Amino acid sequence: MNIVLCGFMGCGKTTVGKILAEKLSMKFVDVDDLIEQEQEMTISEIFEKYGEIGFRKIENETIKKVSQWNNAIVSTGGGSVLNNDNVTALKSSGKIFFLDVTADTVLARLKNNTTRPLLQRPDKEKAVNDLMNERRSKYEACADFVITTANESPIICANDIIKLYKKIK
Ligand code: S3P
């Protein structure tokens, strides 16, 4: 059974995922990193070359592939659960943990970030708020568990997930 982490950009999926992998001795995969390796391009370059639609196709193929794996921690991109086909694949492979985060935290963490094409807008605050409002219900709907990350360190979030995982394993 995989542990799938979903949630908005900057919610801590990768950081928490790496801690989980270490503590549970499971392999870790970050879907965006895998896409970058396989395409030999950064996510920004993929968006530039193929547009968001092209990126979503590659993301879908990659998610279907990693959903064949077992006993992995899967860190997904923030937009992946908008596609029902991705959710079906991810759910068939394990349990989805939604790392909930506030817009303020995302903005503070990604203030100077240049690697998220969807946030490269003059009004980053509006971009984050709009996307979060659009997506919140999707994250909640696909999640088996909601992890509130507010004011918690990644280690505490990882420990919360481990407790839940051990109950359902
Ligand atoms: C995206 C999130 C990014 C990456 C791409 C699109 C999104 O991943 O997949 O930039 O639509 O929210 P992270 O959530 O890892 O930043």
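## A walk from a buried ring outward

Let's start inside the protein: Phe97 has a relative accessibility of 0%, so this residue counts as buried. Keep in mind as you look around that the model is predicted.

What does the ring of Phe97 pair with? Its partner is Phe145: the two ring centres are 5.0 Å apart and the planes meet at 25°, so the pair is stacked. If you follow the chain, you will see that this pair links distant parts of it, with Phe97 in strand β4 (residues 94-100), Phe145 in strand β5 (residues 145-148), and their positions 48 residues apart.

Now move one step along the same strand, to Phe98, which lies in β4 as well. The rings of Phe98 and Tyr139 are stacked too, because their planes are at 20°, under the 30 degrees that the term requires; their centres lie 5.1 Å apart. Tyr139 belongs to helix α6 (residues 124-142), so here the pairing ties a strand to a helix across 41 residues of sequence. Are these two residues buried or exposed? Both Phe98 and Tyr139 are buried. In total, the structure holds 3 aromatic pairs, including the two you have just visited.

From helix α6, step back into the loop that comes before it. Asn113 sits there, between α5 (103-110) and α6. With a relative accessibility of 18%, Asn113 falls under the 20% cut-off and therefore counts as buried. Leaving aside residues up to four places away in sequence, Asn113 touches Gln120 and Lys124.

With these spots in mind, zoom out to the whole fold. The protein is built from 7 helices and 5 strands, and from the N terminus on their order is β-α-β-α-α-β-α-β-α-α-β-α. Its radius of gyration is 15 Å, close to the 15 Å that the globule rule gives for 169 residues, so the protein is as compact as a globular protein of that length. Along the principal axes, the C-alpha trace spans about 45 × 35 × 25 Å.

How are the contacts spread along the sequence? Among contacts with a separation of 6 or more, 72% are between residues 24 or more positions apart. Burial can be put in numbers as well: 50% of the 169 residues count as buried.

Finally, turn to the outside. The protein exposes about 8700 Å², and carbon and sulfur atoms supply 49% of that area. As for charge, there are 24 positive and 23 negative charges, and the mean positions of the two sets are 5 Å apart.

How values were computed:
Residues numbered from 1 in each chain as written. Predicted model: local features only at pLDDT ≥ 70, side-chain atom pairs only at ≥ 80, totals over all residues. Heavy atoms only, no water. Helix = DSSP H or I, 4+ residues; strand = E, 2+ residues; numbered from the N terminus. Rg over C-alpha atoms; globule rule 2.2 N^0.38 Å. Buried < 20%, exposed > 50% of the residue type's maximum accessible area, 1.4 Å probe, protein only. Contact = heavy atoms within 4.5 Å. Areas by Shrake-Rupley, 256 points an atom, 1.4 Å probe, with all protein chains shown as cover. Lys, Arg positive; Asp, Glu negative; His and termini not counted. Charge placed at Lys NZ, Arg CZ, Asp CG, Glu CD. Phe/Tyr/Trp six-rings, centres within 6.5 Å; stacked < 30°, edge-to-face > 60°.
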